[in-house]
Structures are given as structure tokens and as C-alpha cells.
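Work through the following exercises with the sequence and the structure open beside you. Each one sets a task and then solves it step by step.

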Amino acid sequence: MNPLIRRGIRERLRPKNLVASGLFSIISCATLYLASFFDGMQQVIPANESESGLPELISMPVNGAREAFTVLLVLQGFFLMFLGTGRVASVTAEEKEAGLLDYQRMTPMNPFSKILGYLFGLPAREYFMFLITLPFLLHCMVVGKIPLLNLFQLYAVFFCSVILYHLTAHVIGLVVPKPRAASWVARLAVLGLYVFLPVLGQAGISFLSFLTILPTYFGKIVPHLLAEGNQTLGRFERQVVDFWEEIPFFTYQVSPTTFTFVMQGLILLALFATAYRKWRLDSLPAFSKPMAIGLFGILQILLLGSLWPFFSQGEASGLLGQSLQLDPTKAGLPNQLKNDSLPAISMIVVQSTYFLLNLASLLLLINVCCPDPHRQLKGRQRSGKLGMSRIPALADEAPGGLFVCVLVCISTVVYAVLHLLAVSSETVQSVAPSAQSVLLPGLVLLFTALALRAAREQWFNLGFWGFVGLLWLTPMLACLVLAVDDFLGNSQLMLNIASLSPLTFFPQLMVFLAPDIFPDPNPLINLSTSIKIGVITSAILAIFLSITLFRTLKK
Amino acid sequence: MIEVKDLKLHYGDFVAVNQLTFSVKPGSIYGLIGPNGAGKTSAIKAIATLLEPTFGDILVEGISVLHQPEQARGVLGYMPDFPPIYEDLKVWEFCDLFAQAYGLSGEEKQAKVLQSLHATGLKEQMHDLCKTLSRGMRQRALLAKTLVHEPSVLLLDEPAANLDPKSRIDLRNILKKLAGDGKTILISSHILSEIEDTCDSLGFMRDGRMALSGTLDEISRQKDRATHLKIHLLEPHPALREVISKIPSLSQVEEITTCKTKFRVSLDGGEKEASQALAKLVETGVPVSEFIFQKPRVEELFLELESAPKEREKK
């Protein structure tokens with residue numbers, strides 16, 4: 001047995017712990033399960049349907065079990081996803097801080113075995129608590145007549161999600177430089193990645209929804225949890241189930257379980273690779289440059305596949321898809337907008353989301369893969385020692401100029417494909433067929449990435465994050481103050497200031513490039529001015545920072 | 001064998017270790033000493049594969065720590081300056097975990113665990129939970145864990161920091177035995193007397209650099225320091241100073257006490273010169289009752305080095 005798993009069992013499953021956690025698990029599970037089981041089991045037969053002519057209370061165990069299933073699943077999720085993730089994050093961070101990870105790092109065990117040991121050893125008690133709930137699950141399946149195959153699919157995805165959450169927590173514990181912050185960062189990351197990010201699935205980027213267990217639950221289990229004799233779903237339930245039943249990806253329809261496995265598998269792969277590097281040597285960046293380019297490429301393929309139906313046929317999943325099906329006159333658009341502007345607005349939302357995701361990915365990858373001055377120095381000295389004229393372009397220590405250009409190229413090509421798809425589509429009319437619609441966002445993305453790279457490579461963490469905070473967030477805060485002061489009077493000034501931050505520039509640019517959605521020209525604002533300011537500022541910043549970086553490196 | 005060549009380590013723009021070069025032979029104990037922040041722990045961590053150097057080479061048993069860290073880890077035993085342990089494991093389980101992680105199994109594993117617990121005097125506490133151990137006991141548990149896979153190179157950062165006098169003597173004996181078995185041992189410590197008693201050679205680190213390195217005698221010579229002899233007489237000898245002035249290797253006679261029978265004399269040379277001087281004294285009829293060859297004290301050298309002006313290099 002893996003010694004780290006054995007250690008987890010020894011540490012957390014001593015007889016006293018077994019009794020305490022077992023009792024907690026069995027009492028909480030029995031209380032919640034039986035309460036919902038008995039509640040769901042009671043069924044009232046109305047007077048007009050009963051033989052006696054009076055309302056009758058009959059017992060339907062099948063319905064009780066079906067109602068109790070969701071409660072049981074939530075409790076199992078609480079044990080493994082909530083308690084288990086917290087445990088992995090906090091212990092990894094604590095052990096990193098104390099130096100215990102270094103002991104493990106020094107053992108000749110394969111890093112892969114170490115990762116598995118931490119993933120399954122640390123939450124040993126939580127797995128035991130989960131085991132205690134299994135008899136209830138068996139009862140639920142038999143009495144509730146839930147198909148075994150569907151249940152198997154659900155629990156396969158459930159465990160895949162559990163491992164994903166635990167691995168995320170473990171990687172963050174390994175990566176975050178300040179161990180005290182790690183447990184909080186891990187919790188926030190799990191929330192962000194697997195709770196907030198999936199919400200973007202409602203804005204047409206369907207693949208993001210498949211980072212959780214929900215698609216499989218709604219798509220495979222909910223239809224089998226209907227009360228016996230009532231085989232129709234309510235309106236809301238129908239919508240939810242429809243949303244998850246099949247996933248449009250490029251021109252295919254994919255099953256939610258398959259899609260979830262693929263999505264989670266890709267993330268698991270990336271996290272494993274990161275953890276592997278960190279276990280080998282703590283000072284290695286989380287991703288190598290080729291790995292980062294590969295991950296970015298996969299992200300772009302997923303984005304392309306998810307947005308394909310929207311750009312080619314104007315169809316989208318989630319709330320966006322539902323709103324597109326509405327009658328434009330009943331869509332509740334503000335008076336300032338044209339009645340038929342709903343598709344154009346949806347396009348702006350999707351394009352802005354696309355660019356914001358790209359910005360977030362670029363920021364993450366540049367932060368991780370572009371070497372700080374210390375690492376560059378290391379690379380230069382080493383290459384000098386080995387008699388090489390320069391550091392190999394894909395080495396961790398190599399300057400990231402080429403790397404960011406490749407990332408921006410990939411992103412721009414994908415956006416160009418989507419744009420061409422929309423232009424050539426007969427159903428999508430909300431995209432202006434001009435070259436600047438692709439070139440302008442691509443150019444600003446390149447300037448932003450080059451500025452980030454130059455900042456990363458000449459400053460250490462404080463300088464880099466200070467620069468990002470100052471440039472990306474301060475303009476938005478300034479706009480907030482101006483808006484409170486005089487929204488209408490300051491609107492042009494707000495747009496000009498907001499164009500300085502890439503976060504607010506891209507939505508503006510998308511509105512600027514979209515076909516006119518306003519019925520009358522707005523005398524208060526001129527988007528072309530703010531767009532010019534944004535483009536020129538980003539260009540100046542990229543050039544200025546690149547020059548200062550060049551000078552610093554030359555020194 | 002440990003070989004460190006031109007090692008350089010940066011933390012951001014701070015140079016923690018700069019052009020550090022030294023080697024430790026198999027079967028010897030090398031002590032790294034220096035004030036806080038001198039770079040001792042960073043250097044040990046770099047040798048232990050836990051910090052990636054900016055520049056330089058580190059070889060342990062001929063394996064490059066930079067290029068083959070996994071292989072190097074197999075021959076290394078590292079004990080950090082703070083004794084973190086798995087609080088909820090029993091002492092034997094703690095050692096067992098690492099024995100297994102280093103690839104031991106079955107009876108061999110059990111034997112090695114018991115052996116390391118026995119060597120560190122923890123056999124009686126083997127069934128106690130680690131969290132119930134005192135700091136000194138934790139240090140022993142950590143040493144037991146470090147020894148369990150019988151590494152050929154031991155890196156011990158402040159190994160005696162929390163130990164009581166008895167445990168320190170035990171530790172010294174353990175280390176000497178291990179060195180006798182051919183292991184290469186590198187120790188960093190603030191306890192200078194401990195280093196003096198335990199180590200065969202020393203390295204004085206300061207501001208990230210190796211200020212002095214070698215055996216105590218070699219260092220003395222590097223520092224151009226005179227070695228001293230302590231001479232006790234049975235009774236006062238009126239011509240002692242005259243006799244000493246005629247022996248070329250001796251100079252500077254100081255009276256240690258007022259009874260004119262205990263003296264401290266500077267010696268220019270090593271043990272050979274001391275032996276010749278003793279022969280000459282006896283030959284001229286000086287009633288020598290005790291003749292002690294006084295090596296330079298590590299403490300004195302350390303203080304001397306400490307008082308020199310600082311020159312921490314920044315990038």
C-alpha cells in the first residue's frame with residue numbers, strides 16, 4: 001500500500017476517530033435520509049379518486065426513496081467535497097509551511113505516488129464517513145427503483161469531481177508561495193472554478209458548466225426521481241433537464257456524462273502535471289511553456305466547440321439560449337435599445353465573455369511561465385556555463401516574448417474562425433463583416449499580453465501584481481466614483497477612463513464593432529474616442545515596458 | 001562525498017549564498033558555522049535538492065544534485081533545523097512511513113525502524129504519539145527518521161539545538177560512529193563547542209560566502225594565528241623564560257597564575273614543533289608536570305570573524 005495512504009489511515013482512523021466520525025456520519029445520515037424518506041413516502045389520494053370517497057393517506061416507499069436520494073447525495077457531497085477538500089488544502093499548506101512536504105519530496109518515491117498518497121490519504125476519514133452512507137444509498141436504489149446504470153454514471157462523475165476538487169486544493173497548497181494563504185486561496189479557487197465559472201455556461205460557453213456533478217445529476221438522475229404515477233416534469237424542471245440532456249459541441253451533440261468526463265479529465269491532467277512538477281522541485285513554475293501553450297490550445301478548442309452553434313446558427317445553451325428564443329418585443333429590453341437588438345446584445349455578451357476568459361488565461365499563464373528577473377539570471381548563467389549562445393526558447397528561464405505572441409496568435413485565430421463563421425452564416429446577422437472586427441481585438445490583446453510579460457519579467461511579485469491591480473482595477477473604481485457623482489454628465493469621461501483597463505475595454509470594443517443597437521445616435525457618448533484612447537494607451541504601455549525590460553536585461 | 005563548487009543562491013534580488021565552494025570527504029564530519037543569515041541553511045537546503053541554485057554545481061556521491069535530483073535524494077538524509085513531525089502518528093509509525101517511502105519492506109523495514117529507534121534512544125517511546133514528545137525527543141525522532149534508510153550522506157541542520165546534555169553526548173557518539181562507518185556528514189550548528197568536539201573540519205560562513213574552511217589547524221594557519229602550549233611546572237623555575245627564548249618555535253610567555261608554575265606559551269608550528277619543544281625543556285631540566293598542546297578555540301575564531309566588517313553583496 002502507498003505509505004502516504006497508510007499514514008492517512010493511521011493518523012485519521014484510529015479506533016476513537018472511527019467511532020466518533022462513524023457515529024456522526026450515521027446519525028446525520030439516518031436523520032436526514034429517514035426524515036425525507038418518510039416525508040416523501042406519504043401520499044394523499046384526493047376524495048374524488050379514492051374508493052371510499054374520502055381523502056386517503058397511502059404509503060409509497062418508492063417515492064420516499066426517490067425524494068431522499070437528493071438529500072443523501074448532498075450529504076455525501078458535504079463529506080467528500082466540502083470537508084475533504086478543506087482537509088487536503090489545509091494539510092498540504094500546513095505541511096508545506098512546516099517543512100514536512102520537504103521530507104516527502106526527498107524520498108525516492110515517484111511524484112505520482114506522492115500525489116495519490118496525499119489525495120487519498122489525507123481525506124481518509126471523509127471517505128470512511130462516505131462509506132457509512134452506502135447502505136442508505138443501496139436502500140434508495142432498490143426501493144426507489146433508480147436505474148443502476150444511471151446511478152453508476154452519476155457516482156463515476158461524483159468521484160471524478162471529488163478527485164478534481166481535492167487535487168485543486170492540493171495543487172494550490174503546493175503552488176501558493178505563502179502557505180498561510182493557501183487554504184483560503186484553495187477554498188476560493190474551488191468556489192471560483194467549480195461554482196462561479198460554471199455560471200458562464202449560461203452565457204453560451206457550455207463547456208464551463210461541466211466542471212461539476214450537476215449536468216449528470218440533472219441529465220441522468222432527475223428524470224428518474226419523479227414520483228410514481230407522475231411522469232411529467234414541471235416547467236422549471238423540464239428546462240433544467242433540457243439544458244443538461246445533450247451538449248452542442250461543434251456540430252455534434254454530446255452526452256453530459258461523456259462531456260463531464262472529458263472536461264474534468266483535461267483539468268485533472270493539467271493539475272497532475274502541475275503537482276508533478278512541484279513535487280519534483282518546489283521552485284519550478286507550475287507549467288512549462290510547451291505545457292502552457294498546450295493547455296491554452298485546448299481551452300481555445302473547447303471555446304470554439306462550445307461557441308460554434310452560437311456563431312453558426314445563433315443557438316446557445318443556458319439562459320442565453322432561452323432569451324434568444326423569446327419574442328423580441330417581450331424581451332424587456334430598455335427603451336434606449338432597438339426592439340430587434342437582442343441577437344446583437346447576446347453577441348456582445350458572448351464576445352466579451354470570450355475575451356475576458358482569454359485575458360484571465362493570459363494573465364495566469366504569463367504570471368506562471370514568464371521568468372522573473374531571478375529565474376532569467378539563473379538561465380543566463382547556466383546557458384553561459386554550457387556554452388550556449390542563448391537560453392532555449394521553451395525553457396522555463398527563457399524570456400516570454402515568443403511565448404505570449406504564440407498565445408495571442410492562437411486566441412486571435414480562434415476568434416477569427418468564429419467571426420468568419422458568423423459572417424458566413426445566414427441566420428446570424430449581428431456581426432459586422434469587417435477586418436478590423438478581428439484585427440483590433442487581436443492587436444489590443446497582443447499589446448496587453450506584451451505589457452504583462454514585460455512587467456512580469458522585470459519586476460517581482462509585488463511589482464507585477466501592483467501593476468495589474470493599478471491598470472486593471474483602478475480605472476473601474478474611478479468610473480464608479482464618477483458614476484455616483486453624475487452618471488450622465490460624466491459618461492464620456494467614464495468611457496475614456498474605462499478604456500484604460502482591458503477588463504472594461506473589450507466590452508466597449510465589442511459594442512463599438514457591433515451593428516448599431518441604439519435607435520438614435522447618443523449625443524452624450526462617442527465610443528470611437530474611448531476606443532482610440534484604449535488602443536493607443538495599450539500600445540504605448542507595451543512599447544514602453546518592453547523597452548525598459550530590454551534595458552534591464554542589457555544591464 | 002559532498003562537493004560544492006561555486007554555489008550561488010538568490011532570493012529575489014538578495015544573494016543568500018555566493019561563490020560557495022567546499023568538499024566533505026567520506027567518513028568525515030564537516031561543520032558549517034556562521035552567524036544568523038550567513039547562508040548555512042540555504043546551502044544545506046540546496047545540497048538537499050530543496051532549493052534550486054542560481055549557479056554552481058553540487059555533487060553528492062558523484063551524483064549531480066541539479067541534474068539528477070531524484071537519484072541524489074536516494075543517498076541523502078536531511079534533518080532540518082526545526083523538527084516538524086506528523087503529530088498524530090506514533091513514533092514507530094513515523095519511522096515506518098519513511099522506511100517504506102525509501103523502498104524498504106517486510107522484515108528488513110521492521111529491523112531498520114527498530115535499529116534507528118534504538119540508535120536514537122527512542123525504543124521506549126516508540127508507541128507514543130509524536131505530539132506527546134518533548135522538543136528534544138522530537139529531534140531524536142527526526143534523527144531516527146533520517147537514519148532509517150541508512151543514507152550515505154547526512155545533512156543535519158542544527159541537530160543538537162533542542163537536546164539535553166546527555167542527548168548531545170549520545171548524538172555526538174552516533175555521528176562519530178556513522179562517520180566511522182564511512183558516511184559523509186555535514187552539520188550546521190550554533191553550538192560551537194559541539195562543532196569543535198564533533199567535526200573533523202569546519203567552514204566559517206559569512207554574508208553568504210565561505211570565509212574560512214579546513215581543519216582547525218589549517219584554519220589557524222590561514223588566520224595566521226599562533227597555537228598555544230600550556231606548561232605546568234612542579235615548582236617554579238627561575239630560568240624558564242631564558243630557556244624558552246632559546247627554542248625558536250616558542251615565544252610570548254604568559255603566566256596564567258601568580259604561583260609561577262603555570263604558563264601559556266605561543267607556538268609557531270604544529271604538533272611536531274610542540275614535541276621538539278617539550279624534549280628541549282626536559283633536556284634543560286625544566287620540571288614539566290603537564291604539557292598541553294592547545295588548539296585554537298572555534299569560539300575565538302568565530303568571534304574574530306564576527307567582528308570583521310560586513311560586506312554583504314547585493315545583486
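**Exercise 1.** Determine the strand order of the open sheet of chain B that contains β2, β1, β4 and β5, and find which strands stand at its edges.

Step 1. In this open sheet of chain B, four strands follow one another in the order β2-β1-β4-β5, and their pairing is antiparallel; helices (H or I, at least four residues) and strands (E, at least two) are DSSP runs numbered from the N terminus, and two strands pair if DSSP finds at least two bridges between them. The model is a predicted one, in which local features need pLDDT of at least 70 and side-chain atom pairs count only at pLDDT 80 or more, whereas totals for chains, interfaces and linings use all residues. Residues are numbered from 1 along each chain as its sequence is written, and chains are lettered from A and ligands numbered from 1 in the order in which they are written.

Step 2. The edges are held by β2 (14–24) and β5 (63–64) of chain B, each of which has a single partner strand, so one side of each is left without a neighbour in the sheet.

Step 3. The partner of β5(B) is followed through strand β4 (residues 55–60) of chain B, which pairs with β5(B) in the antiparallel sense over two bridges; B:L59 has B:S64 in β5(B) as its bridge partner.

Step 4. Helix α1 (residues 40–47) of chain B packs on this sheet and touches β1 (2–11), β2 and β4 of chain B, its direction making about 115° with that of β1(B). Contact here requires C-beta atoms, placed from the backbone, within 7 Å, and axes are lines fitted to C-alpha atoms, for helices over the stretch in contact, with angles running from 0 to 180 degrees between N-to-C directions.

**Exercise 2.** Describe how strands β9 and β10 of chain B are joined.

Step 1. Strand β9 (residues 201–206) and strand β10 (residues 209–214) of chain B run antiparallel and are joined by five bridges, and B:F204 has B:L212 in β10(B) as its bridge partner.

Step 2. The hairpin of β9(B) and β10(B) has two residues between the strands, and in this hairpin B:D207 takes a positive phi near 50°.

**Exercise 3.** Locate the domains of chain B, and then describe the sheet formed by β12, β13, β11 and β14 of that chain.

Step 1. The domain assignment (bounds come from an automatic or database assignment) gives chain B a domain 1 (2–213) and a domain 2 (226–295), and their centres, taken over C-alpha atoms, are separated by 42 Å.

Step 2. The four strands form an open sheet in the order β12-β13-β11-β14 of chain B, with antiparallel pairing. Its edge strands are β12 (250–255) and β14 (288–294) of chain B, each pairing on one side only, and the twist from one strand to the next averages 25°.

Step 3. Six bridges pair strand β11 (residues 227–233) of chain B with β14(B) in the antiparallel sense, with B:H228 standing opposite B:Q294 in β14(B).

Step 4. Helix α10 (residues 271–283) of chain B lies across β11, β12, β13 (262–267) and β14 of chain B, and runs at about 165° to β14(B).

**Exercise 4.** Work out which elements of chain B touch chain A, and how helix α3 of chain B packs against α5.

Step 1. The contact takes 28 residues from chain B and 21 residues from chain A. On the chain B side, α2 (69–75), β6 (76–79) and α3 (91–101) each supply at least two residues, and α3(B) gives the most, with five residues.

Step 2. The axes of α3(B) and helix α5 (residues 135–147) of chain B come within 8 Å and cross at roughly 30°. That makes α3(B) roughly parallel to α5(B), given that angles under 35 degrees count as roughly parallel, over 145 as roughly antiparallel, 65 to 115 as roughly perpendicular and the rest as oblique.

Step 3. B:V91, B:F94, B:C95 and B:F98 in α3(B) meet B:A141, B:A144 and B:K145 in α5(B).

**Exercise 5.** Decide whether helices α17 and α18 of chain A are roughly parallel or roughly antiparallel.

Step 1. Helix α17 (residues 401–424) and helix α18 (residues 436–458) of chain A pack at an angle of about 160°, with their axes 9 Å apart.

Step 2. α17(A) and α18(A) are therefore roughly antiparallel to each other.

Terms used. Contact = placed C-beta atoms within 7 Å.
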